[in-house]
Amino acid sequence: MRELTYVARHTVEWRETPDPKLQSGQDAIVAPVAATPCDVDSAILAGHGFVEPPFPIGHECVAQVVDVGDAVTGVTPGDLVVVPWSISCGACEHCRAGLTAHCTSVPHMAMYGAPIGGSWGGLFSDLVHVPWADAMLVPLPPGLDPIAMASASDNWSLSWRMVAPHLKARPGARVLVVARGSIGLYVCDIARALGARDVLYVDPDGEHRKIAEGFGARTAEAIEPIHHGFDVAVEATGRVDQLSLALKSLAPEGFCESAGNHFRPGELPLLDMYLTGVNLRVARDNVRSHIPDALALAGSGLVTPERVVSHVIDWEDLPDALPERRLKPVFVRDRS
Ligand SMILES: [Zn+2]
Ligand SMILES: [Zn+2]
């Protein structure tokens, strides 16, 4: 089979590798049918990642189950499933506590699409080995479009987690979104759907702002800090100066959620944060825990994540098309 492999800045290519095989009764083999780059893949493709190529890239997809081990009961061949970006067993102490990005049955940071906790391949591969299939895979609910939900592996479900619990705790909260890609737009969609009374989306990209406006957000190209302006701030830029801006715009005891991936150093306004009283979370997302909630919202009719999908492109065009800068292209393959 072929693995789409990141080989150099702005360059990916197919590389042949043996087909993955079931290694235990709990495994599955799946074939991605709709896969999309995570926002961080754009940074990796632009040469800003911290792992040297070559490695198989991609960690967001809806896949079709091809084969399952004898002990697997949750999915059967032919099912459409969301494949979480990180590898988790579902049974260790961390997994049982919901900390699925910190599973202790695998090396720390084990994930698809980057060889930082072992080699698990990427989700732009023709076939993918999934350990602990019952713990990891989430069947795609009927009626949900695999193209719109390709991002449920990571960015869509992460976006749900960054804003939905806060709006539940503080109905009508004011939300600031400082972003550059799909995550910030998903957050706008979810925040407005769940009753945020004000959403301000900040992004220099005019096309992105237009989509955010379609979700009912106010938008700006750039802002100065808005003192005590927002109950919740979401930062998804990978830039420390933008994280600072979000932090300086929080109301007392407000909550800042950061999508992280600040590959370059910078300084946070710690005294300002102390004086205002802010909560900051910068964390790799324990996505498996809330994929079902994020899918349920997607199926509720309150949100339209398909509006973030910028291009639908044939699987065979991956090597040429993936390195091009696009908001959220989804690469699709025929199901047989
Ligand atoms: Zn990601
Ligand atoms: Zn575990």
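1. Leu271, Tyr274 and Leu275 together make a nonpolar surface patch of about 420 Å². The model is a predicted one, so the patch should be read as a feature of that prediction.

2. Within this patch, Leu275 belongs to helix α8, which covers residues 270–276. Leu275 has a relative accessible area of 64% and is therefore exposed, since the cut-off for that class is over 50%.

3. A second patch on the surface is negative, and its members are Asp314, Asp317, Asp320 and Asp334. Of these, Asp317 sits in the loop that runs between β15 (311–314) and α10 (318–321). The relative accessibility of Asp317 is 38%, so Asp317 counts as partly exposed.

4. Which residues coordinate the zinc ion (ligand 1)? The donors are Cys38 through SG, His59 through NE2 and Asp154 through OD, at 1.9 to 2.2 Å. Along the sequence, the spacing of these donor residues is C-x20-H-x94-D.

5. His59 and Asp154 are 95 residues apart, and the pair links distant parts of the chain. His59 lies in the loop between β4 (55–56) and β5 (61–68), while Asp154 lies in the loop between β8 (138–139) and α4 (155–169).

6. Are these two zinc donors buried or exposed? Both His59 and Asp154 are buried, a class that means under 20% relative accessible area. Leu275 in the nonpolar patch, by contrast, is exposed, and Asp317 in the negative patch is partly exposed.

Methods
Residues numbered from 1 in each chain as written. Chains lettered and ligands numbered in written order. Predicted model: local features only at pLDDT ≥ 70, side-chain atom pairs only at ≥ 80, totals over all residues. Heavy atoms only, no water. Patch = residues over 30% accessible without salt bridge, like charges linked within 9 Å, V, L, I, M, F, W, Y side chains within 5 Å. Areas by Shrake-Rupley, 256 points an atom, 1.4 Å probe, with all protein chains shown as cover. Salt bridge = Lys/Arg side-chain N within 4 Å of Asp/Glu carboxyl O. Lys, Arg positive; Asp, Glu negative; His and termini not counted. Charge placed at Lys NZ, Arg CZ, Asp CG, Glu CD. Helix = DSSP H or I, 4+ residues; strand = E, 2+ residues; numbered from the N terminus. Buried < 20%, exposed > 50% of the residue type's maximum accessible area, 1.4 Å probe, protein only. Donors = N, O, S within 2.8 Å, 3.2 Å for Na, K, Ca; no water.
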